[in-house]
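Please read the following walk through one protein model with its sequence and coordinates open beside the text. The route goes from helices to single buried side chains and then to the ligand.

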Amino acid sequence: MAEPLRDGTGPRHVAIIMDGNGRWATNRGRPRLFGHHAGAKRVREVVEACPDVGVKYLTIFAFSTENWKRTQVEVAGLMSLFRRYIAKETRALRDRNVRVRFIGDRVRLDAKLIQLMDDLERITEDCTGTNLTIALNYGGRDEVTRATRRLAQDVHEGKIDPKDVDEETLPKYLDTHVLPDPDLVVRTSGEARISNFLLWQSAYAEYEFIDTLWPDFTAEEFARLVGGYGRRDRRFGGVKA
Ligand code: FPP
């Protein structure tokens, strides 16, 4: 594995669009869900690698608001995978001091899954190590829309004066309100798109689009990407001092 980055120059928050599970399975003549199961194993490996590479926040895109368009078999299989993953990993995540949060709209999720999500958030709420955020039924536009609706309601109720709405206001209404913005966004599988992921939050993020299909992604590759970030020059639109 590459040298650990603990000197504060590495990304504190890495967000990952885990793409390519379907192609990975198809390449092996297997059903798409086989790829999703293989992908779930990689999640564990990457979460475990976070302390070694100095990543304090990891946010992963597990299911988008657009993913409901997939076949009923694939959607049901993914939901079942999420239920099983949460039930199976809860103790290990707590033991590893990982605090888990979910972002996205829960309304379309089934009651059993919501219960497991609530339990996992509660059971890990005192954990102080890695902050793992799982985006489930998440879409950036949907999140901004829901946030705007709540903000508008607060304006309507007189809690906020429209004159006081500035760039600090909307983030307080986003699902990610307790998280720092991502420093590095990674997408696997060779697609150079952000697909509605963390639209507001990634305004100044660095992006890495890599060819690896998600089930082939390793802790070594994660460490390499994190190490590469440390050698970049981020200016946030300004000029280098
Ligand atoms: C994209 O690959 C992947 C998904 C829509 C699902 C991501 C889910 C996992 C990695 C499973 C485990 C996650 C957790 C949190 C347990 P794709 O199906 O779009 O692949 P393709 O582009 O090759 O078709």
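In this predicted model, a useful place to begin is the start of helix H4, where a side-chain oxygen of Asp 110 reaches to within 3.0 Å of the backbone nitrogen of Lys 112. Helix H4 itself covers residues 111-123, and because 13 residues at 1.5 Å a residue should span 18 Å, the separation of 18 Å between its end C-alpha atoms agrees with the expected length. Its buried residues are Leu 113, Leu 116, Met 117 and Leu 120. Viewed down the axis of H4, these buried residues fall within an arc of 100°, so they line one face of the helix. The general background to such a pattern is that an α-helix has 3.6 residues a turn, so residues three or four places apart point the same way. As for what the buried residues of H4 pack against, the partners are helix H3 (72-95) together with S3 and S4.

Strand S3, one of those partners, spans residues 99-103 and contains Arg 101. Is Arg 101 buried or exposed? With a relative accessible area of 16%, Arg 101 counts as buried, because the cut-off for that term is under 20%. Leaving aside residues up to four places away in sequence, Arg 101 touches Glu 121, Asn 131, Leu 132, Thr 133, Ile 134, Val 178 and Leu 179. One of these contacts is polar, since the side chain of Arg 101 meets the side chain of Asn 131 at 2.9 Å. Another partner, Glu 121, stands 20 residues from Arg 101 along the chain, while the C-alpha atoms of the two are separated by 5.6 Å.

Strand S4 (131-138) leads on to the next helix, for the buried residues of H5 pack against this strand. Helix H5 comprises residues 140-156, and because its 17 residues at 1.5 Å a residue should span 24 Å, the distance of 24 Å between its end C-alpha atoms agrees. The buried residues in H5 are Gly 140, Glu 143, Arg 146, Ala 147, Leu 151 and Asp 154. Seen down the axis of H5, they fall within an arc of 135°, so they too line one face of their helix. The face turned away from this buried side carries the exposed residues Arg 141, Arg 149 and His 156. After H5 comes Gly 158, whose phi is positive, near 80°.

A further buried side chain belongs to Phe 222, which is found in helix H6 (residues 219-229) and has a relative accessible area of 1%. Which residues does Phe 222 touch, not counting residues up to four places away in sequence? They are Val 14, Ile 16, Val 46, Ala 49, Cys 50, Val 53, Val 55, Leu 58 and Phe 217. Among them, Ala 49 is 173 residues from Phe 222 in sequence, although the two are 8.1 Å apart in space, C-alpha to C-alpha.

The last stop is the ligand, which is surrounded by 18 residues, the closest being Asp 19, Gly 22, Arg 23, Arg 32 and Arg 70. Oxygen atoms of the ligand are approached by both side-chain and backbone atoms: a polar side-chain atom of Asp 19 lies 3.0 Å from one such oxygen, a backbone N or O atom of Arg 23 lies 2.7 Å from a ligand oxygen, and a polar side-chain atom of Arg 32 lies 2.9 Å from a ligand oxygen. Taken alone, the ligand exposes 620 Å², and the protein buries 92% of that.

How values were computed
Residues are numbered from 1 along each chain as its sequence is written. This is a predicted model: local features need pLDDT of at least 70, side-chain atom pairs count only at pLDDT 80 or more; totals for chains, interfaces and linings use all residues. Side-chain values use heavy atoms; hydrogens and water are left out. Helices (H or I, at least four residues) and strands (E, at least two) are DSSP runs, numbered from the N terminus. The expected span of a helix is 1.5 Å times one less than its number of residues. Buried means under 20% relative accessible area, exposed over 50%, partly exposed in between (1.4 Å probe, protein chains only). The arc is that of the directions from the helix axis to the C-beta atoms. Contact means heavy atoms within 4.5 Å. A residue is near a molecule or strand if one of its heavy atoms lies within 4 Å of it. A polar contact is a pair of N or O atoms within 3.5 Å; within protein, one must be able to donate a hydrogen and the other to accept it, and residues adjacent in sequence count only if both atoms are side-chain atoms. Accessible areas come from the Shrake-Rupley method with a 1.4 Å probe; for residues, only the protein chains shown count as cover.
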